[in-house]
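Subject: Structure handover

Hello,

Here is the structure for your work. My notes on what was found in it follow below.

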Amino acid sequence: FFFDGFPNLSSEQKAKILPTTWNIVQKDVNNPDSVKARLCARGDREVGEVRTDSPTVSKQALRLLITRAAQKRWKIKSLDFTGAFLQGMDIDRDVFLRPPPDIREQHPNLVWKVVKRLYGFRDSSRGWYLEFNRAMKELGCEAIRCDSAMYVFKIDGEIVGLAGVHVDDVLFCGEPVFHRMVIDKLINKYVIGSIEISDFTFTGWSLTQDQHGIKLSQKQFLQQVDIEKFGRFNALSGDKKELLNEDLQALFRSLVGSIQWIIQVSRPDKSYYGVALATKLGKATIGDAKLGYKQLKSMI
């Protein structure tokens, strides 16, 4: 941190100063207490090339993990890392931050030098992925060939544990030795938020496990779909081949996005409609809108 440091920076350093802002979000629309405030950097204003790739576990890999857990009767669990980006690898370049207005009122010349990639940087998630990937491999895990964010832990060539990472959330299962040699060490090394067992939500999937098996649904996501918002389509009149106006085209994109998310998880039987409607983006007609509304309503 630099107090009264702004005048002492070189011209090159001053060019690397990024503004910051407070970002206030409500993570769960059904929970008014889920409001969080984060200090975010305006990483979009950073000049130069920045590598941003950071794999997240695919839906297919998650299904394999859940299937394996059901076969082996392993208990599926999830955990999340608190302030994961701030626990990631140190940033690999010089970047400076101008504090938000409320802080500058007290310290007008204050400038911060970045050590960790905080929220807002283009490579924030990559910094955390690199750290998590390094830690998992040091603990003896390896990423599977078809998914760089799904890790397996083997003993004598047999898989005894699996873990899939989606940014700062991890879904995992395995034998006690996997929990002892991998998961427990992660928990001791990093700042962990919560550990969920048996009945929880992971990347929009509602997972419930009991003695009979594992149930996968999207009940939480479906509760958040505002079907009334799309009711405008059902009330449209006119030629079915008539193109929607610009505002309704945007609403149609939102409708198709909801359908696409649902068919990926709990309604694969509706995949045809998801693909067919996606080809109409930007050129949807009244007929397309009515069909999309009908299909979405049948899913929730």
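I will start with a single residue, Lys280. Leaving out neighbours within four places in sequence, Lys280 touches Gln249, Phe252 and Asp288. Lys280 sits in the loop that runs between helix H9 (271–278) and helix H10 (286–299). Its relative accessibility is 32%, so Lys280 is classed as partly exposed, given that the partly exposed class lies between 20% and 50%. Asp168 is 112 residues from Lys280 in sequence, and the C-alpha atoms of the two are 34 Å apart in space.

Please keep in mind that this is a predicted model.

Overall layout

The protein chain has 300 residues, and 40% of them count as buried. Its secondary structure consists of 10 helices and 13 strands. The C-alpha trace spans about 65 × 55 × 35 Å along the principal axes. Taking the contacts between residues at least 6 apart in sequence, 67% connect residues at least 24 apart.

Aromatic pairs

There are 11 aromatic pairs in the structure. Phe81 and Tyr190 form one of them: the ring centres are 5.8 Å apart and the planes stand at 85°, which makes the pair edge-to-face because the angle is over 60 degrees. This pair links distant parts of the chain, 109 residues apart. Phe81 belongs to strand S3 (residues 77–81), while Tyr190 is in the loop between helix H5 (176–189) and strand S10 (192–197). Phe81 and Tyr190 are both buried.

Phe132 and Tyr151 make another edge-to-face pair, with 5.8 Å from centre to centre and 70° between the planes. Phe132 is part of helix H4 (residues 124–138) and Tyr151 is part of strand S7 (residues 147–155), so this pair ties together parts of the chain 19 residues apart in sequence. Phe132 and Tyr151 are both buried too.

Which residues do ring pairs link into a cluster? They are Phe81, Trp128, Phe132, Tyr151 and Tyr190. The two pairs described above therefore belong to one cluster, with Trp128 as a further member.

There is also a charge over a ring: Arg38 lies over the face of Tyr119, at 4.3 Å from the ring centre.

Cysteines

How many disulfides does a search of the whole structure find? The count is zero. Cys141 is in no disulfide, and the nearest cysteine sulfur, in Cys173, is 12 Å away. For Cys146, the closest cysteine sulfur is also that of Cys173, at 15 Å, which is too far for a bond because a disulfide needs the sulfur atoms within 2.5 Å.

Is each of these two cysteines buried or exposed? Cys141 has a relative accessible area of 6%, so Cys141 is buried. Cys146 has a relative accessibility of 67%, so Cys146 counts as exposed.

The largest pocket

The largest pocket has a volume of about 1,100 Å³. Its lining comprises 32 residues, and those nearest the centre are Lys27, Lys36, Asp80, Asp169 and Thr201. Several elements each supply at least two residues of this lining: strand S2 (35–41), S3, S10, strand S11 (199–202) and helix H6 (219–224). Strand S3 is also the strand that holds Phe81 of the first aromatic pair above.

Regards

Methods: Residues numbered from 1 in each chain as written. Predicted model: local features only at pLDDT ≥ 70, side-chain atom pairs only at ≥ 80, totals over all residues. Heavy atoms only, no water. Phe/Tyr/Trp six-rings, centres within 6.5 Å; stacked < 30°, edge-to-face > 60°. Helix = DSSP H or I, 4+ residues; strand = E, 2+ residues; numbered from the N terminus. Buried < 20%, exposed > 50% of the residue type's maximum accessible area, 1.4 Å probe, protein only. Lys NZ or Arg CZ within 6 Å of the ring centre and 35° of its normal. Contact = heavy atoms within 4.5 Å. 1 Å grid on protein atoms, 1.4 Å probe; cavity = no way out; pocket = protein on both sides within 12 Å on 5 of 7 lines; lining within 4 Å. Points joined across faces, edges and corners; volume = space filled by probe spheres on them.
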